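Subject: Structure for your consideration

Dear colleague,

Please find below the structure I am handing over to you. My findings follow it.

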Amino acid sequence: MTSMSTSFNALVNPPLLVWAREESGYPPELVADRLKVKPERLLAWERGDLKPTVRQVQLLAKFYHRPFGVFFLPQPPLLPPIAGEYRRLPGVEPGAESPELRLALRIMSQRRQIALQLLEELGNPIAEFETSAHLLEGPNEVGNRLRSLLGVTNEEQLGWTDEWEGWRCWREAVEAAGILVFQFPKVPLNQVRGLSLLKFPLPVIGINTKESAPGARVFTLLHELTHIALSVGQEEEPALGETRDDAAWSKVERWAEEAASAALIPANVLAGFLGRMSVARGAWDVPLVRSLAVKFRVTPLAMATRLRVEGALTWEGYDLWKAGWAEYLKTLKPRSGGFASPVDKALGRGGRPLAQLVVEALDANRITAVEACRHLDLRFEHFDKLRAELRDRARSTHTIDDGE
Amino acid sequence: MMANEGVYSLDTSFFMDWQARHYPVDVFASLENKIEEMIAAGRCGAVRLVKEEIDSVGTPGLRAWAKSHSGLFVPMTPEIQLEGAAIEAKYPDLMDP
């Protein structure tokens, strides 16, 4: 017994216990294990045969990421399925997402709702993302259009000091185009590297923070941007409404990869480098591709893909290069990580536009300090530093921007 | 006397606005004294969930203050739970689930 409150039973509404668990995607056994009770006891709570203590309901609320009060509602809330928001993701069955992914999706959807509410509350205009893409177009054409929309110049890109600077600049450009960019933790990379919420206005791009290389995050960002443009062009629907078979969907994914690659590495600039390097089609090895990738602040894999698309690498050469690249990766030490302050993490997770809105709304007394802290998952003592960070956009290029 | 004067139920925003935002205790010492008097007279209280929320979002000074005033925070008795549930039933849109 940790406090007096643990001795009281919680007068919860049992169907809410079932609703919260099922919405989170957890089986009873896993939840029971987390609460250190037998599954039969958890199921008895859910049937209403037994009552959990207040402390146990607090633990459930924390585990399910729901407010404590939700378990006292007269009936479960009617929420639309989350698969009606996110784009189709290879290997993810709508309605059967992992608990980690469901939580990440729900948090990003909530952040979008918060942003919309605050924009309305503050009387700020809502940016509209209206750039469309169509599958009958060439990926190069669409890539160029997206790059032009983002306004990243060749000189600017080639002048970045490292991949982190590239990541921040691409992210800010996408945000300025009317898209919220969030980062989400705790979802294995083999489930999803990135995703989009195809909701308008203010669609969302989510980047998995387990993607350690900033260049890889940039590629995912542009890949998702392409999917959003396809959605604007009515070429794709949220996962729940997508009817293409796996083979047809793979073609869409490949097309989006090529368009993203074209946006990141413009053909004319690449041609200039290739002319000066004079590498034979079969001679691209890991060091050569790395040396070219670093100029564009992209990953070597993205560069190799681009070289293949541009015909500088044959398919056979590309496959050989990928095998060599996989061997090279095995020789690398695991990422050591870096120190990220609470403010860095908050900005990494939710992005500057959301943080700016929350601070503005707080300072205008439109939201409480508690709401501001909750919206950004940041203690109040860090808000002065957050304000300073938002004023000073020229940040260190070596800041780890993890959001974890 | 308590019933006539009423008892204030304090939420986390009260503490944040008081100590962390508008009236820091090192500047507005008399306000803290008055609230201390009200606590001593049993004229205000907060459920323990408030203390946990303060621990989660509050400033170091507020967290320390809450720790040193643990008697202010009362357990979630069945009566309090029923009152809370009645408010939720009356205002179903109050909470974002």
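A surface patch, as the term is used here, is made of residues with over 30% relative accessible area and no salt bridge, and nonpolar side chains are joined into one patch within 5 Å. Please note that this is a predicted model.

In chain B, such a nonpolar patch on the surface is formed by Y23(B), V27(B) and F28(B), whose accessible area together is about 280 Å². Of these residues, Y23(B) sits in the loop that lies between α2 (12-22) and α3 (29-40) of chain B. The relative accessible area of Y23(B) is 39%, so this residue is classed as partly exposed, a class that spans the range between the 20% limit for buried and the 50% limit for exposed.

Turning to chain A, I found an open sheet of three strands in the order β1-β3-β2 (chain A), and its pairing is mixed. At the edges are β1 (180-184) and β2 (194-197) of chain A, each of which pairs on one side only. From one strand to the next, the twist averages 20°.

Strand β3 (residues 204-208) of chain A runs parallel to β1(A), and five bridges join the two. Within this pair, I207(A) in β3(A) is the residue opposite Q183(A).

Two helices of chain A accompany the sheet. Helix α5 (residues 99-122) of chain A packs on it and touches β1, β2 and β3 of chain A, with a direction at about 150° to that of β1(A). Helix α9 (residues 214-232) of chain A lies across β1, β2 and β3 of chain A and runs at about 150° to β3(A).

With kind regards

Key. Residues are numbered from 1 along each chain as its sequence is written. Chains are lettered from A and ligands numbered from 1 in the order in which they are written. This is a predicted model: local features need pLDDT of at least 70, side-chain atom pairs count only at pLDDT 80 or more; totals for chains, interfaces and linings use all residues. Side-chain values use heavy atoms; hydrogens and water are left out. Two strands pair if DSSP finds at least two bridges between them. Helices (H or I, at least four residues) and strands (E, at least two) are DSSP runs, numbered from the N terminus. Axes are lines fitted to C-alpha atoms, for helices over the stretch in contact, and angles run from 0 to 180 degrees between N-to-C directions. Contact means heavy atoms within 4.5 Å. Patches are made of residues with over 30% relative accessible area and no salt bridge: like charges are joined within 9 Å, nonpolar side chains (Val, Leu, Ile, Met, Phe, Trp, Tyr) within 5 Å. Accessible areas come from the Shrake-Rupley method with a 1.4 Å probe; for residues, only the protein chains shown count as cover. A salt bridge is a side-chain nitrogen of Lys or Arg within 4 Å of a carboxyl oxygen of Asp or Glu. Buried means under 20% relative accessible area, exposed over 50%, partly exposed in between (1.4 Å probe, protein chains only).
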